[in-house]
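Please look over the sequence and the structure shown here, and then read the briefing that follows.

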Amino acid sequence: MLFELIAAVVAGVAIAGVAMSLRWASRGRLPKWIVPAAAGLGMLSYALWSEYSWLSRITRAMPEGVVVAWHNEDRAFWRPWSYYRPVANRLSAVDTRTAQRHPDQPGQVMVDLILAARWQPSARVRVIYDCNSNRRADLIGSDISVAEDGAIVGAQWLQLEPDDAALRIACQTG
């Protein structure tokens, strides 16, 4: 977030410099207020670009095999432009490179689920999807174990809709 603030200030200074050059080239015919107005416009333009390109930038930076399953779009009154077009600020992705299946439990797949939010560090959560029963168990906690036959013991299963994107992606791998 600090780097984005610095980048916005740099963009404002750069555009203000262009406005100052134009004012100098016109021998003062352009009004003085054009310089701070250009700086503000430069900062706002950078902020808009940064907000609307976040999802595509983070998606392009993901390695091959990491598939975005869901993203959240948000509107906020302090960002009036988001009412015209919502801003993506969170996503979840399935890391298909980590897919593992137990031979005795072919309907289940264990994968890493990546949770990312704007201005926050990403998190990896190890999950098991039961492709036959449309459910998911997060492998968080010390009371969860895997039995000899591959059954998950002590997990809290969450029922999912059959068309859940992360479920579909995970079940098509491995």
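Valine 66 stands opposite aspartate 95 in strand 2, strands being DSSP runs of E with at least two residues and helices DSSP runs of H or I with at least four, both numbered from the N terminus. This is a predicted model in which local features need pLDDT of at least 70 and side-chain atom pairs count only at pLDDT 80 or more, while totals for chains, interfaces and linings use all residues. Residues are numbered from 1 along each chain as its sequence is written, and side-chain values use heavy atoms, with hydrogens and water left out.

**Strand pairing**
- Strand 1 (residues 66-74) pairs with strand 2 (residues 87-102) in the antiparallel sense over eight bridges, where pairing requires that DSSP finds at least two bridges between the strands.
- Strand 2 also runs antiparallel to strand 3 (residues 105-117), to which eight bridges join it, and these two strands form a hairpin with two residues between them.
- Within strand 3, leucine 113 is the bridge partner of valine 94.

**Nonpolar cores**
- The largest nonpolar core (buried Ala, Val, Leu, Ile, Met, Phe, Trp, Tyr and Cys residues joined through side-chain atoms within 4.5 Å, buried meaning under 20% relative accessible area with a 1.4 Å probe and protein chains only) has 13 residues, and those with the most contacts inside it include Val94, Val111 and Leu113.
- Strand 3, strand 4 (123-130) and helix 3 (165-171) each supply at least two residues of this core, and helix 3 gives the most, with four residues.
- A second, separate core of nine residues includes Trp54, Val66, Leu91 and Ile114.

Definitions and conventions
Buried means under 20% relative accessible area, exposed over 50%, partly exposed in between (1.4 Å probe, protein chains only).
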